[in-house]
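User: I would like to learn how to read the strands and helices of a model like this one, step by step. Could we start with the sheet and then move on to the helices?

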Amino acid sequence: MKKSTIAKKISAVLMASAMVAGLAACGGSGSGTESTEASGGATYSIGICNYVDDASLNQIVDNIESRLKEIEKEKGVTFNVSYDNCNADASVMNQIISNFQADNVDLMVGVATPVAMAMQAATEGSDTPVIFSAVSDPEGAALVESNEAPGANITGTSDYLDTSSVMNLILAADPDADCIGLLYDQGQDASTAPIADAKAYLDAKGIKYIERTGTTTDEVQLAAKSLVADGVDAVFTPTDNTIMTAELSIYETFADAKIPHYTGADSFALNGAFVGYGVDYANLGVETANMIAEVLLDGKDPASLSVKTFDNGTATVNTETCEAIGFDFEAIKEAFAPLCTQVKEITTAESFE
């Protein structure tokens, strides 16, 4: 056989091999879960939508993304993450979700209850799994049938708040408190159950409460001033994103009036509130990423993957605000210690480092 004929046959074989390899690399017409090869492992596309720009939710997103990067190195896979923030605008939120669907993402992540609910509605009847994060009451929002057995293609992490524990802190710092302000946004699902629980607790104790609400930062500022004029002894806010967004603009109003603001997350204390009590949002972000990996890499069914809840035992005290109010931090720490797993210190800043 002539050398030229041999060369032609070798060339034909190489071209055929290249075509087969090219087809394999394309992975057919399915999504990224069909093992699109990159860097020696499968590539998965993830769409993350954040509800609003605030310290708590941003902390969650940062830790989801950093943990996913760690998992990439550990498992030899690639996560292509598309991130967007709807800034509490429902039309923008729906457009972001539509974009994720058009991009055929392998999994969606909804940060906060409104986004999780919109993603649930948008993916109903499809195979796209949804992992939510920072949903205070998944059952109450009808996202899952139960926390133990979600029952649909959605599950995630909850920042459920033990309201009674926050009320206990208020009375530990001021046993004579007889009028508590409740500051929240009536439209926030995260506030519905905690505010009802707070009222029940205060009613049982015979303690008066005054409700003030707001849906914008300007309205929240007016509500805060009204509570000062009402002469409340302390103010309670649950994990309410509207109040969280406004916290930097209201904390001095309360501090100047010597009124402690007790809240449902450490990010409020970072932004000036006296106390933030609840889950560690950095850890919540990490665990959300771990659940993403369980679904995409381990093939677990969200319908049977229990919602992850956390110990609400950490009280974060803003020491600057504590001093401005006129409390002694060491005395507060001693009063809180029996009621918490730990008492942490923080000073006012716009975001976590």
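Analyst: Two strands are said to pair if DSSP finds at least two bridges between them. The model is predicted, and in it strands S7 and S8 meet that criterion with 6 bridges, pairing in the parallel sense. One place to look is Tyr184, which stands opposite Thr213 of S8.

User: Which strand does S7 pair with over 3 bridges, and in which sense?

Analyst: Strand S7, residues 179-184, pairs in the parallel sense with S9 over 3 bridges. Two partnerships show the register: Ile180 has Ala234 of S9 as its bridge partner, and Gly181 has Val235. Val235 also stands opposite His261 in S10, and S9 is joined to strand S10, residues 261-263, by 3 bridges, again with the strands running parallel.

User: What is the order of the strands in the open sheet?

Analyst: The open sheet has 7 strands in the order S8-S7-S9-S10-S11-S12-S13, and its pairing is mixed. Strand S8 (208-213) and strand S13 (342-346) stand at the edges with a single partner strand each, so one side of each has no neighbour in the sheet. On average, and ignoring direction, neighbouring strands of this sheet are turned by 25° against each other.

User: Which helices pack on this sheet, and what do they touch?

Analyst: Helix H5, residues 163-173, lies across S7, S9, S10, strand S11 (275-278) and strand S12 (314-318), and runs at about 165° to S9. Helix H12, residues 329-336, packs on the sheet as well, touching S10, S11, S12 and S13, and its direction makes about 165° with that of S12. Within H12 lies Lys333, which counts as partly exposed because its relative accessible area is 32%. Lys333 and Ala315 are 18 residues apart in sequence, while their C-alpha atoms are 9.3 Å apart in space.

User: How should I read burial along a strand, and are the faces of S7 covered or open?

Analyst: A residue is called buried when its relative accessible area is under 20%. Strand S7 is mostly covered by this reading, with 6 of its 6 residues buried. Both of its faces are covered, since Cys179, Gly181 and Leu183 are buried on one side, as are Ile180, Leu182 and Tyr184 on the other. Strand S9, residues 234-237, likewise has both faces covered, with Ala234 and Phe236 buried on one side and Val235 and Thr237 buried on the other.

User: Is Thr123 buried or exposed, and which residues does Thr123 touch?

Analyst: Thr123 is found in helix H4, residues 113-123, and counts as buried because its relative accessibility is 8%. When residues up to four places away in sequence are set aside, Thr123 touches Gln101, Met108, Thr128 and Val130.

User: How do I describe the packing of two helices, and at what angle do H7 and H8 pack?

Analyst: Two packed helices are described by the angle between their axes together with the distance between those axes. Helix H7, residues 217-230, and helix H8, residues 241-256, pack at about 40°, and their axes are 9 Å apart. H7 and H8 are therefore oblique to each other, and their crossing is right-handed. On the H7 side the contact is made by Thr217, Val220, Gln221, Ala224, Lys225, Leu227 and Val228, and on the H8 side by Thr242, Ile243, Thr245, Ala246, Ser249, Ile250, Thr253 and Phe254. By character, the residues of this contact divide into 8 nonpolar, 6 polar and 1 charged.

User: Let us finish with the backbone of a loop: what is the sign of phi at Asn87 and at Ala88?

Analyst: Asn87 has a positive phi, near 50°, although this residue is not a glycine, and Asn87 lies in the loop between strand S3 (78-85) and helix H3 (90-102). Ala88, which is not a glycine either, also has a positive phi, of about 60°, and its place is likewise in the loop between S3 and H3. With a relative accessible area of 40%, Ala88 is partly exposed.

Methods. Residues are numbered from 1 along each chain as its sequence is written. This is a predicted model: local features need pLDDT of at least 70, side-chain atom pairs count only at pLDDT 80 or more; totals for chains, interfaces and linings use all residues. Side-chain values use heavy atoms; hydrogens and water are left out. Axes are lines fitted to C-alpha atoms, for helices over the stretch in contact, and angles run from 0 to 180 degrees between N-to-C directions. Helices (H or I, at least four residues) and strands (E, at least two) are DSSP runs, numbered from the N terminus. Angles under 35 degrees count as roughly parallel, over 145 as roughly antiparallel, 65 to 115 as roughly perpendicular and the rest as oblique. A crossing is left-handed if the near helix is turned anticlockwise from the far one by less than a right angle, and right-handed if clockwise. Contact means heavy atoms within 4.5 Å. Ala, Val, Leu, Ile, Met, Phe, Trp, Tyr, Cys and Pro count as nonpolar, Asp, Glu, Lys and Arg as charged, and the others, Gly among them, as polar. Buried means under 20% relative accessible area, exposed over 50%, partly exposed in between (1.4 Å probe, protein chains only).
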